[in-house]
Amino acid sequence: MDFRLTPQQELFRKTVREFCDEKLFPKSREIDEKAEGIPEEIIKEMVELGIFGVTIPEEYGGSASPGEEMMYATLAVHEIARGELSMSLPVYTLLNLGWSYLVVRHGSEDLKKELLSNIASGKWFIGICTTEAGGGSDLANIKTTAKKEGDEYVVNGEKTYISGVIEATKRGGGHLTLFRTDPQLGTKGMTFAYIPANRPGISYTTFRDMGRMGLSTGGFSYRDVRVPKRYVLGEENKGFYVNMEGFNVARTLVASACLGGAEKCLEIGAEYVKRRVLFGRPLAKFEGISFEIAEDLAELEMVKNYLLRGAWMIDQHYRDGSFSNREINQAIAICKLRAPMLGVEIVKHSMMYHGALGYSKESPLEMCMRGLMSYVVGAEGGANIMKLIIARELMGDVAIPYR
């Protein structure tokens, strides 16, 4: 068993780290405060590094290494999150990587040709659109519906708390959207399809979030929106299961973003306590602080390595079926359960070491705290949902309280 990254993976990681240190980290505050979104020059440099193409095959304009897509995506998002602590660009990146990968897996040939090269080149954006006003976790009870008319679906409904509504509308692209095509069948009557954000009948609203200010959040309204059959992922009425498969990929990358930001904040805190002198000695000499940093690092490294194993498991599953869906569900849910809260704890500790400076915008720490909270409150599944998944995969359906 070899836990080392391959030479190619390590070179990729180092290259992205250098870009983040030199070009991205100095832009974090600008991305968070200027409300102009992610600078175009940053997108272009990421395209040059091949970041947006790591889950897309070369035949569709990407740079994927077959059988290693999730490893490369996890490494990329981790490094981007170290560089852009507001979490705007990490979230923008992980959405593009994770949901384009699902298009590769389940999209029609027409959809792949239309969409993927534009994602890999940084021109378009792709996100996920499932949450509705009645709740985000109970996807079995979504209200958005579609009727089939010839080779099209006519979609009506509302979605809310969706990332990238402005980016998809203005840049191009859209969202993978879940809707009911046979309401009588419950989860077996749902279809999952790509819906371009600028199709006739779509309007959007935006919200003012507490963090991730460089990436828009809002909702979509669909009024008789016509969606071609070629945009469906998988098969009609089987979209719920395709969507769930995509969430494992998304949760892997969300956990990676949380851990990347936390790692950078831990380093910032450790460097500060080495330099800050109090009562005649550096803060690092106080065991109440140094031991806490040691515990945070231990937790971080354990979750980070388990996450890399989870990403590898997904790659192996798609390569040769080495791991079952149940094994992957549990592994990724464990990572998504731990990573956001651990990230927030590490950032909080670092802010406390800095004292008043940590509470000010003179430090980048508060950006990361605000950004990570989006995943604590539940994006891509809250903590209790992850616990339900872990319990279910350990004990079976008897552990699901609503059955």
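Contact means heavy atoms within 4.5 Å. The exercises below use that cut-off on a predicted model.

**Exercise 1. Place Asn329.**
Task: Find which helix holds Asn329, decide whether Asn329 is buried or exposed, and list what Asn329 touches.

Solution.
- Step 1. Locate the residue. Asn329 sits in helix α10, residues 325-354.
- Step 2. Check its cover. Buried means under 20% relative accessible area. Asn329 has 18%, so Asn329 counts as buried.
- Step 3. List the partners. Skip residues up to four places away in sequence; Asn329 then touches Asn248, Ile389, Arg392 and Glu393.
- Step 4. Take one partner, Arg392. Asn329 and Arg392 are 63 residues apart in sequence, and their C-alpha atoms are 9.7 Å apart.

**Exercise 2. Place Ile166.**
Task: State where Ile166 lies, how its accessibility is classed, and how far apart Ile166 and Asn329 are.

Solution.
- Step 1. Ile166 belongs to helix α7, residues 165-171.
- Step 2. Its relative accessibility is 26%, so Ile166 counts as partly exposed.
- Step 3. Leave out neighbours within four places in sequence. Ile166 is then in contact with Arg171, Tyr204, Thr206 and Ser216.
- Step 4. Now compare sequence and space. Ile166 and Asn329 are 163 residues apart in sequence, and 32 Å apart from C-alpha to C-alpha.

**Exercise 3. Describe helix α4.**
Task: Set the span of α4 against the expected span, then explain why α4 is called largely enclosed.

Solution.
- Step 1. Helix α4 covers residues 69-83, which is 15 residues.
- Step 2. From first C-alpha to last, α4 reaches 21 Å, close to the 21 Å expected at 1.5 Å a residue.
- Step 3. Count the cover. In α4, 15 of the 15 residues are buried, so the helix is largely enclosed by the rest of the structure.

**Exercise 4. Pack α4 against α9.**
Task: Give the angle and axis distance for α4 and α9, then name the residues that make the contact.

Solution.
- Step 1. Recall the description. Two packed helices are described by the angle between their axes and the distance between the axes.
- Step 2. For α4 and α9, the angle is about 145 degrees and the axes are 7 Å apart.
- Step 3. Helix α4 contributes Glu69, Met70, Met71, Thr74, Leu75 and His78. Helix α9 contributes Lys304, Leu307, Leu308, Ala311, Trp312, Ile314 and Asp315.
- Step 4. Sort this contact by class: eight nonpolar, two polar and three charged residues.
- Step 5. Look at one more residue of α9, which spans residues 287-320: Gln316. With a relative accessible area of 12%, Gln316 is buried. Beyond its neighbours within four places in sequence, Gln316 is in contact with Gly321, Ser322 and Phe323.

**Exercise 5. Pack α5 against α8.**
Task: Work out how α5 and α8 are oriented to each other, and sort their contact by class.

Solution.
- Step 1. Describe α5 itself. Helix α5 has 19 residues and reaches 27 Å, close to the 27 Å expected. It is mostly covered, with 17 of its 19 residues buried.
- Step 2. Read the geometry. Helix α5, residues 88-106, packs on α8 at an angle of about 150 degrees, with the axes 9 Å apart.
- Step 3. Apply the cut-off. Angles over 145 degrees count as roughly antiparallel. Helices α5 and α8 are therefore roughly antiparallel to each other.
- Step 4. Add the handedness: α5 passes α8 in a right-handed crossing.
- Step 5. Sort the contact of α5 with α8: 13 nonpolar, four polar and two charged residues. Among them are Leu94, Trp99 and Arg105 in α5, and Glu245, Phe247 and Leu253 in α8.

**Exercise 6. Follow Ser256.**
Task: Decide whether Ser256 is buried or exposed, and list its contacts.

Solution.
- Step 1. Ser256 lies in helix α8, residues 239-275.
- Step 2. Its relative accessible area is 1%, so Ser256 is buried.
- Step 3. Set aside neighbours within four places in sequence. Ser256 is in contact with Thr74, Val77, His78 and Leu307.
- Step 4. Link back to Exercise 4. Thr74, His78 and Leu307 also take part in the contact between α4 and α9.

**Exercise 7. Two positive phi values.**
Task: For Tyr161 and Arg212, give phi; then class the exposure of Tyr161 and Arg212.

Solution.
- Step 1. Tyr161 has phi near 55 degrees, a positive value in a residue other than glycine. Tyr161 is in strand β3, residues 152-163.
- Step 2. At 58% relative accessibility, Tyr161 counts as exposed.
- Step 3. Arg212 has a positive phi of about 55 degrees and is not a glycine. Arg212 is in the loop between β6 and β7.
- Step 4. At 6% relative accessibility, Arg212 counts as buried.

Notes. Residues numbered from 1 in each chain as written. Predicted model: local features only at pLDDT ≥ 70, side-chain atom pairs only at ≥ 80, totals over all residues. Heavy atoms only, no water. Helix = DSSP H or I, 4+ residues; strand = E, 2+ residues; numbered from the N terminus. Expected span 1.5 Å × (residues − 1). Buried < 20%, exposed > 50% of the residue type's maximum accessible area, 1.4 Å probe, protein only. Axes fitted to C-alpha atoms, helices over the stretch in contact; angles between N-to-C directions. Parallel < 35°, antiparallel > 145°, perpendicular 65-115°, else oblique. Left-handed = near helix turned anticlockwise from the far one by under 90°. Nonpolar A, V, L, I, M, F, W, Y, C, P; charged D, E, K, R; others polar.
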